[in-house]
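I opened this one to see what it holds and jotted things down as I went. Here are my notes, in the order I looked things up.

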Amino acid sequence: MKNIICVLAITACLLVSCNPKKEKEAVAPKRPNIVFIMSDDHAYQAISAYDTSLIETPNIDRIAKMGMLFTNASVTNSICAPSRAVILTGKHSHINGKIDNHFPFDTTNVTFPQILKKAGYQTAMFGKLHFGNNPKGFDQFKILPGQGAYYNPDFITKNEGKINVKGYVTDIITDMTLDWLEKERNPEDPFLLMYLHKAPHRSWLMAERHMEEFTNRTFREPATLFDDYATRPAAEEAEMSILKHLSWTGDNKIYPETIDAMNEPEIGIDKLRFEHSVGRMDSVQFANFKSSYDKVNADFKDNYPSLSEEDKMRWRYQRYMQDYLGTIKSVDENVGRVLDYLEENDLMENTIIVYTSDQGFYLGEHGWFDKRFVYDESFKTPLLVAWPQKVAPGTTSDEMVQNLDFAQTFLEAAGVEQPTDMQGESLLPILTGKMEDWNREAVYYHYYEYPAEHMVNRHYAIVSKEYKLIHYYFDQDYWELIDRKKDPKELKNVYDDPAYADVREKLHKELAAMREKYGDNDALDQKYINTFMDDVEKNGIFGVNKKKLESIIEKRKADKE
Ligand code: SGN
Ligand code: CA
């Protein structure tokens with residue numbers, strides 16, 4: 001009897017009081033890890049959990065199967081560095097100051113990783129940041145300088161300075177991520193891991209192993225490939241047409257010597273673009289590239305010049321899709337590697353896994369590539385969130401959530417207080433099915449970078465599930481109203497249609513209230529125009545039609561006088 005009591009006592013002691021770690025867990029549940037996966041320019045049309053018509057992404061889809069797929073997630077400003085600044089600060093661009101890709105991020109902003117680190121999280125970032133400076137609040141980082149390169153990329157690292165790594169960027173960023181998880185992470189504490197791909201950003205250079213498959217594929221065309229932009233003058237002015245604005249060498253991978261040999265004055269050679277991307281390959285990589293792209297070049301030389309205008313557009317669309325989607329194939333494979341690691345190491349259950357993009361992208365809709373507009377394909381962004389312990393598997397939400405909401409979501413999940421000046425909302429009520437705590441009817445959007453590459457006018461908008469009311473204010477000045485239910489392809493501006501007079505009035509009021517709520521206004525818009533234009537007038541700007549720029553500068557001068 002004595003012996004039995006003794007054994008029981010020892011067992012109880014082992015189970016509870018003699019195991020301080022267990023005791024701690026019994027008191028406070030373990031804080032979740034956060035794996036934030038973001039790619040650059042990944043359109044939701046190119047994720048099979050959303051749309052199976054272009055590509056299969058079985059690994060990214062695993063996140064939706066384990067958790068929640070958001071069908072109405074959007075960004076507040078559809079461009080790279082500003083989106084990242086919104087994500088990190090939980091504040092709109094006009095408040096955090098990173099309104100465009102032009103000026104560096106103001107590092108006096110407080111970011112959620114800094115707060116999590118203070119609260120005891122381990123923090124690491126690998127891949128693309130694009131801030132013009134290094135991230136604060138990270139125990140470890142290895143980031144690409146600026147846009148970074150697809151082949152044999154350089155990295156800026158926290159501990160080793162600048163390094164060069166041989167290989168393909170998507171594989172390398174994943175290797176670094178897995179290395180950190182395996183060798184640097186302290187398994188006792190929760191972690192925040194930001195795993196940020198460069199792909200599928202322009203100029204869409206895929207891994208060698210996918211070139212043969214993707215250069216032989218043909219993809220479906222979008223319904224609006226031949227949009228005429230009637231009723232939308234800002235869309236008409238934009239320079240992001242697949243037919244007119246892609247680069248032959250950099251984007252379409254036509255060799256400078258192919259173009260030389262053709263002697264077609266309309267087909268320009270841009271040797272620098274070719275050198276900057278393909279030119280970084282070593283001889284083996286280049287031989288592999290050529291073995292797939294020689295046939296593309298032969299087809300171009302033999303057939304392209306005699307095609308009709310429409311078929312030229314079609315040809316370039318196929319070329320664009322082959323390369324763009326090819327880069328996504330390796331993103332998907334590599335996301336699979338990270339998910340496998342989490343599974344194999346018992347890290348899945350209490351880890352919040354997010355897959356998103358810094359914004360959406362046009363895959364031929366409106367005849368475009370690139371982003372920037374508040375029209376759906378670039379305003380919306382993919383968002384898949386898994387957290388097996390809390391989020392029911394295979395669920396979908398059509399709530400209007402934004403990249404503005406991530407910071408507060410993560411802070412709440414970590415049990416850390418949310419700074420009162422953050423402007424988003426935690427998504428936990430949606431993720432955990434407590435919809436009585438969620439109440440948002442519409443979101444605010446504001447894009448700034450103009451005049452700049454692709455020439456998308458500055459605009460702000462209110463977006464509800466039914467409508468978009470958009471104000472283009474520099475240098476064009478007019479309003480657009482889109483009826484999202486009746487016109488989901490967003491081809492018709494009904495702002496002046498008398499049938500919409502009531503809707504228009506209501507939305508104007510709501511937009512004014514929203515600008516007030518978020519602290520945005522005409523004076524701020526003007527301030528941002530002035531800082532930008534003063535700099536452009538002094539230092540010039542890349543990728544802008546000189547004549548157009550001069551006319552904007554002249555007009556601005558005249559307006560001032
Ligand atoms: C580069 C691209 C543009 C792209 C911007 C911003 N041109 O300048 O097409 O819009 O980046 O992209 S390229 O010929 O240099 O590739 S962002 O995702 O970083 O905002
Ligand atoms: Ca981007």
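**Labels.** When I write α or β with a number, I mean a DSSP run counted from the N terminus: a helix is H or I over at least four residues, and a strand is E over at least two. One reminder to myself: this is a predicted model.

**E490.** I used those labels right away to place E490, which sits in the loop between β14 (478–483) and α17 (501–518). Its phi is near 60°, a positive value in a residue other than glycine. Is E490 buried or exposed? With a relative accessible area of 1%, E490 is buried.

**K253.** I found another positive phi here, about 65°, and K253 isn't a glycine either. I traced K253 to the loop between α9 (233–237) and α10 (256–262). K253 counts as buried because its relative accessible area is 0%, and the cut-off is under 20%.

**The calcium ion.** Next I went to ligand 2. Which protein atoms are the donors of the calcium ion? I listed D40 (OD), D41 (OD), D358 (OD), D358 (OD) and Q359 (OE1), at 2.1 to 2.8 Å from the ion. The angles among the six donor atoms run from 50 to 174°, and the site is irregular. Along the chain, the donors follow the spacing D-D-x316-D-Q. That pattern links distant parts of the chain: D40 is in the loop between β1 (33–39) and α3 (58–66), while Q359 is in the loop between β8 (351–357) and α14 (376–379), 319 residues apart. I checked the cover at both ends. D40 has a relative accessible area of 0%, so it is buried. Q359 is buried too, at 0% relative accessibility.

**Ligand 1.** I looked up which residues surround ligand 1 and got 17, with R273, D370, R372, E453 and H454 coming nearest. Then I went through some polar side-chain atoms. For E453, one lies 2.6 Å from an oxygen atom of ligand 1. For R202, the distance to an oxygen atom of ligand 1 is 2.8 Å. In H201, a side-chain N or O atom is 3.0 Å from an oxygen atom of the ligand. How much of the accessible area of ligand 1 does the protein cover? I noted 87% of the 460 Å² that ligand 1 has on its own.

**Strand β7.** I picked β7 (residues 191–196) and found six of its six residues buried. Both faces are covered: F191, L193 and Y195 are buried on one side, and L192, M194 and L196 are buried on the other. I then looked for the strands that pair with β7. β1 runs parallel to β7, joined by five bridges, and M38 stands opposite L196 in β7. β3 (residues 122–128) also pairs with β7 in the parallel sense, over six bridges. There, F126 has Y195 as its bridge partner in β7.

**Cis bonds.** Past β7 I hit a cis peptide bond, from A199 to P200, with omega near 0°. P200 lies in the loop between β7 and α8 (208–215). The bond from Y450 to P451 is cis as well, again with omega near 0°. I placed P451 in the loop between β11 (442–447) and β12 (458–464).

Note on methods
Residues are numbered from 1 along each chain as its sequence is written. Chains are lettered from A and ligands numbered from 1 in the order in which they are written. This is a predicted model: local features need pLDDT of at least 70, side-chain atom pairs count only at pLDDT 80 or more; totals for chains, interfaces and linings use all residues. Side-chain values use heavy atoms; hydrogens and water are left out. Donors are N, O and S atoms within 2.8 Å of the metal (3.2 Å for Na, K and Ca); water is not among the atoms, so sites may look incomplete. Four donors count as tetrahedral if all angles lie between 85 and 135 degrees; four count as square planar and six as octahedral if opposite donors are over 155 degrees apart and all others between 65 and 115; anything else is irregular. Buried means under 20% relative accessible area, exposed over 50%, partly exposed in between (1.4 Å probe, protein chains only). A residue is near a molecule or strand if one of its heavy atoms lies within 4 Å of it. A polar contact is a pair of N or O atoms within 3.5 Å; within protein, one must be able to donate a hydrogen and the other to accept it, and residues adjacent in sequence count only if both atoms are side-chain atoms. Accessible areas come from the Shrake-Rupley method with a 1.4 Å probe; for residues, only the protein chains shown count as cover. Two strands pair if DSSP finds at least two bridges between them.
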